[in-house]
Amino acid sequence: MSLNVKTQQPVVISEKTLARVAELKSRFPEGKHKSALLTVLHEVQDENNDWLTVDAMDKIAELLNIKPIEVYEVASFYSMYNQKPVGKYMFEFCRTSCCVTRGAEDLIEYTCNKLGVKEGEVTPDGLFSVKGVECLGACGYAPMLQLGDFYHEFLTPEKMDQLIEDCKAGKVEKLSKV
Amino acid sequence: MGKKILLEHVNVEGIHTYEVYRKVGGYASVEKALKMAPNDIVEEVKKSGLRGRGGAGFPTGMKWSFIDKKSGRPRHLVCNADESEPGTFKDRYLMEKLPHLLVEGMITSSIALEANLSYIYIRGEYMWVYRILERAINEAYANGWLGKNIKGSGYDLDLHVTCGAGAYICGEETALIESLEGKRGNPRIKPPFPAVVGLYGNPTVVNNVESLMNIPWIVENGGEEYAKIGVGRSTGTKLISASGNIRKPGVYEIELGITVEDFVMSDEWCGGMQTDRPLKACVPGGSSVPILPAHLLFKTAKDETRLMTYESMSDGGFATGSMIGSGGFIVYDDRQCVVRNTWNFSRFYHHESCGQCSPCREGTGWLEKVTWRLEHGYGSMADIDLLWDIQRKIEGNTICPLGDAAAWPVAAAIRHFRHEFEYHVRYPEKVKDRKHFEHEPWEQVKHLMTKQEAVLV
Ligand SMILES: Cc1cc2nc3c(=O)[nH]c(=O)nc-3n(C[C@H](O)[C@H](O)[C@H](O)COP(=O)(O)O)c2cc1C
Ligand code: SF4
Ligand code: FES
């Protein structure tokens with residue numbers, strides 16, 4: 001894990017998120033509010049450019065009344081939490097077997113070439129990044145990628161071009177908020 | 001068309017909403033269960049012969065009878081919706097389409113277990129499904145199926161959904177419990193089993209989504225009726241998520257007992273191969289189960305017809321059989337490379353190892369490295385034996401079965417496709433092309449292997 005202290009950004013936790021955190025805590029018995037940690041990390045990450053600063057994690061520790069280390073160790077264990085800045089639109093391609101049988105490797109290559117990045121990199125304008133991830137439970141609808149809360153399935157180079165255009169035009173929804 | 005237990009109403013317009021679901025008879029099993037003695041429900045589930053649909057196939061009724069009801073500690077039912085085994089996408093389909101069937105199954109099962117606080121743990125990537133479940137649960141509360149004194153019965157139940165954040169290991173039941181407690185997903189050493197010490201130290205049952213969705217039907221129609229479907233000890237229906245090089249990938253509900261050949265070739269299910277390229281191999285139960293070469297898929301080694309049942313699929317043991325596992329049915333045609341696929345799976349397990357025990361943490365790393373170099377044309381004949389040796393040293397020596405799950409695919413690939421591994425060693429310049437078998441399938445190059453050359457070591 002790289003705890004990135006230099007590239008800071010102010011922590012944003014809205015009233016709406018605070019109310020959500022309270023509701024999430026209420027799902028667990030008294031004294032067991034730590035159970036809400038994984039969900040709260042998602043909520044806060046969504047509100048803070050899709051990555052978690054140390055300050056954000058410290059704030060979460062405070063909200064759940066646990067030690068900061070308990071947040072760090074969880075944030076670093078699970079692959080969906082980012083501890084470094086990512087592209088505004090992060091394409092998370094499934095690279096596992098079933099998707100490979102349907103051309104996932106070609107599509108990842110195509111996208112990286114088109115955007116001029118390698119897997120794990122962010123485009124200079126901060127708009128896109130590409131990441132290879134493991135099976136997303138869409139094996140029959142391959143090749144596919146995850147973007148925010150949503151899946152884009154049965155992809156082709158043409159659909160990829162369109163998706164990139166739509167992202168640039170700000171027409172792509174990332175969150176499935178309530 | 002075979003019998004449908006889970007998907008009977010899947011195409012009803014608006015079935016994800018409470019009103020429509022209730023109109024087609026939804027929540028009737030809760031009404032019935034509230035009038036039954038909890039242990040009688042457990043007996044019905046035992047009679048049904050239902051086996052866990054998460055992968056291991058452990059009888060559900062028996063698992064329920066182990067839950068500690070004597071200590072007087074609170075009990076919990078936890079639904080395992082972590083679905084991350086490569087090839088498996090049935091639970092997502094079920095929850096997206098029929099969220100209320102899961103809620104109903106959770107309530108009826110919680111009544112049987114006398115649990116008053118239950119959870120659905122869903123993988124973090126299924127965030128939009130999480131929202132669907134949240135909505136369904138809210139609707140169930142609003143209509144009096146959850147909360148205090150449900151339908152005047154005196155029984156209280158709270159049910160909530162909570163999510164993971166990208167870790168296959170959290171599908172292992174004790175890792176799931178840790179994760180649900182807000183910790184890293186490190187599996188616990190068993191015993192004690194969750195049925196005695198589970199969530200928050202309380203007796204807990206963990207069941208797969210599909211297992212729990214079968215419960216309403218069993219309670220309404222009786223265990224004996226359920227046991228009439230299927231063959232022998234493989235009772236009921238099973239969802240199979242089919243992917244790979246077939247014409248119609250998707251989720252299918254089959255009666256256990258149809259033939260594998262029908263499942264692959266019939267238009268009712270997979271619809272045959274994707275193109276005119278022939279079938280080469282199949283991983284019939286999710287990435288962890290042994291791969292079967294084409295000649296062992298439709299027939300067993302004894303030349304009997306292979307059926308979609310727990311028994312028939314594993315006929316021949318690991319030497320010539322496989323497992324039904326999670327129902328993740330992956331079909332490969334002759335463009336696909338078994339060595340590349342083995343590397344792909346090994347990378348997956350290495351990535352997903354929680355790192356607690358060294359045979360798994362180090363062993364999966366070595367499996368990935370050695371399969372990588374074989375696939376990319378840098379391997380030696382000794383590497384093939386080395387792989388065999390590594391996988392053998394992982395199996396059985398770890399805290400949780402992820403170690404075995406990483407070892408088995410490698411062992412099976414070498415067992416059935418050793419010639420392909422050797423080809424990679426002898427013709428490195430050919431395999432450096434990622435699509436080597438797409439351009440020159442095995443059938444076209446296998447004659448090269450009969451050539452006597454200086455043995456490369
Ligand atoms: C590494 C690993 C991953 C697993 N992943 C899942 C999973 O994603 N979903 C699931 O239901 N069971 C999974 N299991 C099996 C669970 O540990 C457990 O046996 C299952 O949830 C029990 O439910 P069932 O009896 O209804 O099948 C996994 C097991 C292991 C060892
Ligand atoms: S076998 Fe692997 S995943 Fe399971 S506890 Fe050990 S290190 Fe973790
Ligand atoms: S292998 Fe790509 S979604 Fe399952």
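This is a short dialogue on how terms apply to a predicted model.

Student: What confidence does the predictor give the complex and chain B?

Tutor: The complex has an ipTM of 0.96 and a pTM of 0.97. Chain B averages a pLDDT of 97. In chain B, 98% of the residues score at least 70.

Student: Why is strand E1 of chain A called largely enclosed?

Tutor: Buried means under 20% relative accessible area. Six of the six residues of E1(A), residues 89-94, are buried, so the strand is largely enclosed by the rest of the structure.

Student: Which residues of E1(A) cover its two faces?

Tutor: A:Tyr89, A:Phe91 and A:Phe93 lie on one side. A:Met90, A:Glu92 and A:Cys94 lie on the other. All of them are buried.

Student: How do you know that E1(A) pairs with strand E2 of chain A?

Tutor: Pairing needs at least two bridges. Six bridges join E1(A) to E2(A), residues 128-133, so the two strands count as paired. They run parallel. One contact to look at is A:Phe91, whose bridge partner in E2(A) is A:Val130.

Student: What makes E1(A) and strand E3 of chain A a pair?

Tutor: The cut-off is at least two bridges. E1(A) and E3(A), residues 145-147, have two bridges, so they meet it. Their sense is antiparallel. Here A:Glu92 stands opposite A:Gln146.

Student: Why are strands E8 and E10 of chain B called edge strands?

Tutor: Start with the sheet. It is open, has five strands and follows the order E8-E7-E11-E9-E10 in chain B, with mixed pairing. E8 (250-255) and E10 (292-293) each pair on one side only; these are the edge strands.

Student: How do you know that E7(B) pairs with E8(B)?

Tutor: At least two bridges are required. Six bridges join E7(B), residues 237-244, to E8(B), so the requirement is met. The two strands run antiparallel. B:Ser241 has B:Val251 in E8(B) as its bridge partner.

Student: Why is B:Phe66 called partly exposed?

Tutor: Exposed means over 50% and buried means under 20% relative accessible area. B:Phe66 has 49% relative accessibility, so it falls in between and counts as partly exposed. B:Phe66 sits in the loop between helix H4 (60-65) and strand E1 (76-81) of chain B.

Student: Which residues join B:Phe66 in a nonpolar surface patch?

Tutor: B:Phe58 and B:Met62. With B:Phe66, they have about 290 Å² of accessible area together. A patch residue needs over 30% relative accessible area. At 49%, B:Phe66 passes that cut-off.

Technical notes. Residues numbered from 1 in each chain as written. Chains lettered and ligands numbered in written order. Predicted model: local features only at pLDDT ≥ 70, side-chain atom pairs only at ≥ 80, totals over all residues. Heavy atoms only, no water. Patch = residues over 30% accessible without salt bridge, like charges linked within 9 Å, V, L, I, M, F, W, Y side chains within 5 Å. Areas by Shrake-Rupley, 256 points an atom, 1.4 Å probe, with all protein chains shown as cover. Salt bridge = Lys/Arg side-chain N within 4 Å of Asp/Glu carboxyl O. Helix = DSSP H or I, 4+ residues; strand = E, 2+ residues; numbered from the N terminus. Buried < 20%, exposed > 50% of the residue type's maximum accessible area, 1.4 Å probe, protein only. pLDDT = per-residue confidence, 0-100.
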